[in-house]
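Work through the exercises below with the sequence and the 3D view open. Try each task before you read its solution.

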Amino acid sequence: MIGWVADWWRGGRTAIEPASQRDAARLAQLHGASFHRGWGEGEFEVMLSERNTLVHRLRHGRKVVGFAVSRMAADEAELLSIAIDSTQRGRGLSRDLLLTHLGHLAGRGVRKVFLEVEENNRPARRLYDWAGFEVVGRRERYYQQAGGEQLNALLMRRDLS
Ligand SMILES: CC(C)(COP(=O)(O)OP(=O)(O)OC[C@H]1O[C@@H](n2cnc3c(N)ncnc32)[C@H](O)[C@@H]1OP(=O)(O)O)[C@@H](O)C(=O)NCCC(=O)NCCS
């Protein structure tokens with residue numbers, strides 16, 4: 001299913017769609033530019049082939065500018081990653097992506113969604129708060145930075161009705 005969500009310049013349109021194997025390289029590029037430990041193209045290829053993994057892409061015109069990945073088990077899912085191209089952040093695009101992704105998880109029978117987020121990741125915290133996630137746990141010094149710094153993780157949960 002295609003969800004048209006915005007029309008923000010010169011008729012350029014944004015769509016949220018299931019990702020396919022052909023997106024693996026671009027998704028790895030986006031992930032690598034967004035996270036300290038990037039996932040490679042091969043890792044995305046594996047995830048895209050798994051029945052219990054849901055991957056959506058955010059496309060603007062012909063260009064993929066974001067993605068969301070979740071892994072499902074029974075009626076629970078973990079949002080493993082969500083990212084927007086750095087040049088497109090701050091436009092609220094992740095909101096439509098996340099809500100569409102959650103809607104598809106609900107359609108697959110998921111009732112509870114969990115995620116982990118670095119405590120000081122303000123944009124992500126704002127997004128998840130807005131989407132109705134609640135903090136249900138905290139893991140001290142969970143993330144190890146390249147420079148040796150250790151950062152706390154919050155575990156968040158949202159129930160889908
Ligand atoms: C998190 C992310 C997906 C949000 O995508 P986005 O489309 O830019 O999100 P939005 O434009 O809706 O902005 C989200 C909120 O963060 C705020 N924000 C944006 N940049 C910010 C910054 N540098 N500092 C503080 N807040 C910021 C926005 O104002 C917005 O808050 P609001 O809802 O109160 O207005 C995007 O920043 C990203 O890809 N980050 C890198 C990957 C990442 O950290 N993913 C989450 C891992 S858990």
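**Exercise 1.** With which side chain does the side chain of Ser70 make a polar contact?

*Solution.* Note before starting that this is a predicted model.
Step 1. Find Ser70 in strand E4, which spans residues 63–73.
Step 2. Look for the partner: the side chain of Ser70 makes a polar contact with the side chain of His101, at 2.8 Å.
Step 3. Check the surroundings. Ser70 has a relative accessible area of 0%, and buried means under 20%, so Ser70 is buried.

**Exercise 2.** Which backbone oxygen does the side chain of Arg59 reach? Decide also whether Arg59 counts as buried or exposed.

*Solution.*
Step 1. Locate Arg59 in strand E3, residues 53–60.
Step 2. Follow the side chain of Arg59 to the backbone oxygen of Gly61, which it reaches at 2.6 Å.
Step 3. Compare the accessibility with the cut-off. Arg59 has 18% relative accessibility, which is under 20%, and therefore counts as buried.

**Exercise 3.** Describe the surroundings of the ligand, starting with the residues and ending with the elements.

*Solution.*
Step 1. Count the shell: 20 residues surround the ligand. The closest are Gly90, Gly92, Arg95, Asn121 and Arg126.
Step 2. Take the side chains with polar atoms beside the ligand. For Arg95, an N or O atom of the side chain is 2.6 Å from an oxygen atom of the ligand. For Asn121, a polar side-chain atom lies 2.8 Å from a ligand oxygen. For Arg126, the corresponding distance to an oxygen atom of the ligand is 2.4 Å.
Step 3. Ask how much of the ligand is covered. On its own the ligand has 950 Å² of accessible area, and the protein covers 71% of this.
Step 4. Place the ligand in the protein: it sits in the largest pocket.
Step 5. List the elements that give two or more residues to the shell. They are strand E5 (76–84), helix H3 (93–107), strand E6 (112–118) and helix H4 (122–130). H4 gives the most, with 5 residues.
Step 6. Sort the shell by class. There are 9 nonpolar, 5 polar and 6 charged residues.

**Exercise 4.** What is the sign of phi in Ala74, positive or negative? Answer the same question for Arg141, and then find where each residue lies.

*Solution.*
Step 1. Read phi for Ala74. The value is near 50 degrees, which is positive, and the residue is not a glycine.
Step 2. Read phi for Arg141. This residue, also not a glycine, has a positive phi of about 45 degrees.
Step 3. Place both residues. Ala74 lies in the loop between strand E4 and E5, whereas Arg141 is found in strand E7, residues 134–144.
Step 4. Apply the cut-off for exposure, which is over 50%. Ala74 has a relative accessible area of 77% and is therefore exposed. Arg141 is exposed as well, with a value of 52%.

**Exercise 5.** What distance separates the C-alpha atoms of Glu134 and Arg57?

*Solution.*
Step 1. Start at Glu134 in strand E7. With 57% relative accessibility, Glu134 counts as exposed.
Step 2. Go to Arg57, which is 77 residues from Glu134 along the chain.
Step 3. Take the distance between the two C-alpha atoms of Glu134 and Arg57: they are separated by 25 Å.

Notes: Residues numbered from 1 in each chain as written. Predicted model: local features only at pLDDT ≥ 70, side-chain atom pairs only at ≥ 80, totals over all residues. Heavy atoms only, no water. Near = heavy atom within 4 Å. Polar contact = N/O pair within 3.5 Å; in protein donor to acceptor, adjacent residues only side chain to side chain. Areas by Shrake-Rupley, 256 points an atom, 1.4 Å probe, with all protein chains shown as cover. 1 Å grid on protein atoms, 1.4 Å probe; cavity = no way out; pocket = protein on both sides within 12 Å on 5 of 7 lines; lining within 4 Å. Sits in = over half its atoms within 2 Å of the grid points. Helix = DSSP H or I, 4+ residues; strand = E, 2+ residues; numbered from the N terminus. Nonpolar A, V, L, I, M, F, W, Y, C, P; charged D, E, K, R; others polar. Buried < 20%, exposed > 50% of the residue type's maximum accessible area, 1.4 Å probe, protein only.
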